[in-house]
Amino acid sequence: MKETLRQSMAWLHTWAGLLPGWLLFVIFLFGTTAFFQIEIDGWMHPELKRAPVTGQALDRADALFRARASGAESWSVSLPSGRSNEALVLSWTPSGGGWEDRAEVKLDPATGREVAVRESAGGFFLYRMHFDLHYLPVIWARYLVCIAALAMLVAILSGIVTHKKIFADFFMLRFGKGQRSWLDAHNVTAVLALPFHLMITYTGLVALLFTLMPWGANASFGSMEAFYEKAFPPAPTIASTRASPPSAPRQLPLREIIARAEANWAGQRASYISIEQPGTPDMVAGIWPGQEMLGGGRQPVYLNAATGDMLGTGDKPGAARATQRVMIDLHAGRFSGAMLRWLYFLSGAAGTIMVASGLVLWTVKRRAKLPDPSRPHVGFRLVERLNIGVIAGSFAGIAVYFLANRLLPVGLPHRADWEIHSLFIAWGAIFTWSIARPVKRAWVEALAACAVLYALVPMVNALTTQRGLVPSLIAGDWIFAGFDLAMLATAAACGFTAWKVATRKPKTAPRRKTRELEAMAA
């Protein structure tokens with residue numbers, strides 16, 4: 001037991017941050033990229049143009065459904081959000097088929113022309129990676145993420161108690177001071193975005209509430225399945241609300257269905273449409289709004305797809321669900337405009353640096369206290385290698401993920417899976433390399449590799465598409481230009497960090513410590 005509360009909190013802060021620290025770094029890194037997942041998705045599908053959905057495109061979608069999906073059990077339409085170059089996506093499951101038989105067609109949202117688009121995991125993978133991880137059963141991954149998030153909350157609160165000069169630390173960043181510099185970097189990034197760190201950690205736990213604590217729902221509803229059935233009731237059917245027409249009528253055009261649904265919402269736009277039993281007298285259209293408002297309604301509108309008559313809306317959430325919805329909105333930031341989204345991103349980047357600097361600080365601080373710093377014990381060496389492998393490895397992996405999107409053959413089977421495999425192969429290669437090299441050389445070489453890989457992304461993009469940096473700047477295409485500039489900025493940051501590590505000379509140990517070490521060695 002420590003002597004004072006502050007010492008106890010410092011001990012708790014250190015170990016609550018270190019043990020899940022590598023997983024927290026991955027959660028923060030991938031979660032930060034996820035604030036721009038739609039823009040990343042657009043960059044990874046260069047065949048698409050940014051445009052609003054037109055009536056002409058919706059009419060062509062109607063015609064395509066009738067021509068190719070007659071007899072399907074349901075039709076689905078995903079509408080572009082307007083944030084990036086996105087397609088109007090049509091999908092359906094053939095009669096008697098399963099999910100694996102599901103067909104999908106992408107249309108140009110302006111013309112309705114069918115577009116051949118490369119298969120890609122896009123920004124959606126980066127988003128799911130931050131809480132579902134990969135190559136793991138989802139439920140186990142979420143348990144791990146929940147435990148890490150709980151530890152993060154403990155580390156933040158104990159860190160607030162530990163720091164005596166929390167506001168002075170906000171203005172203190174000294175370079176070239178060894179351990180002091182790492183502590184300053186950790187403090188500045190922690191204090192600068194402290195409200196964000198508290199919010200994003202707490203709301204993340206709320207988002208995974210039932211993974212950690214299913215007992216309340218089980219006690220109230222009998223089981224989680226019963227809870228979900230109550231929370232997300234199925235669409236109403238024609239037979240349950242009114243008599244069906246005597247014969248199969250013609251379906252309303254999609255543009256008419258969207259207009260009638262949006263008339264029920266206060267300024268929200270349709271995001272997703274599902275038509276059950278299309279082409280039959282019982283066809284029902286469910287239309288879901290986008291997530292453009294903090295805590296805004298998510299209730300779908302159900303219409304008779306033949307007459308347009310209102311069949312109902314989703315249940316209005318109670319206070320608990322409405323509160324949870326606001327928390328999840330705050331966490332994901334989907335409601336935010338461009339300025340607020342950048343603040344989310346920069347705060348997430350600060351959190352990523354905070355976790356990384358804390359992990360490095362642990363080794364820098366303890367190396368000076370080792371009996372022989374040149375021959376650290378196994379646990380210390382393990383922490384050092386994990387730091388390099390996770391921090392530099394995951395960073396390099398994301399760059400390779402983007403490069404794979406441009407370099408893998410377009411017709412490669414399971415192409416999206418190979419994009420993801422490429423990320424982990426690069427990550428594993430950096431990890432393995434770091435084990436085989438001296439620590440300082442491993443940091444320099446891994447960071448230099450990151451710099452080269454990120455610098456290659458805009459170059460390869462320019463060579464393999466017609467949407468390189470210069471043409472994008474001339475055309476005012478800020479999705480592609482912004483992405484390439486972000487890659488170059490990241491490459492410069494990695495290169496600068498590698499240079500600083502390579503040119504840093506460790507200070508000579510004080511004479512008193514040298515004598516002590518010599519005495520211990522004797």
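In what sense, and over how many bridges, do β1 and β2 pair? In this predicted model, where local features need pLDDT of at least 70, side-chain atom pairs count only at pLDDT 80 or more, and totals for chains, interfaces and linings use all residues, the two strands pair in the antiparallel sense over 5 bridges. Residues are numbered from 1 along each chain as its sequence is written, and side-chain values use heavy atoms, with hydrogens and water left out.

Strands here are DSSP runs of E with at least two residues, and helices are runs of H or I with at least four, both numbered from the N terminus; two strands count as paired if DSSP finds at least two bridges between them. β1 also pairs with β4, again in the antiparallel sense and over 5 bridges. Ser 78 stands opposite Val 89 in β2 and opposite Tyr 272 in β4. Because 4 of the 5 residues of β1 are buried, this strand is largely enclosed by the rest of the structure, buried meaning under 20% relative accessible area with a 1.4 Å probe, protein chains only.

The wider arrangement is an open sheet of 7 strands in the order β3-β2-β1-β4-β5-β6-β7, with antiparallel pairing. β3 (103–107) and β7 (310–313) stand at the edges with a single partner strand each, so one side of each is left without a neighbour in the sheet. Further along, β5 (residues 284–289) and β6 (residues 301–304) pair in the antiparallel sense over 4 bridges, and Gly 286 stands opposite Tyr 302 in β6.

Terms used:
Buried < 20%, exposed > 50% of the residue type's maximum accessible area, 1.4 Å probe, protein only.
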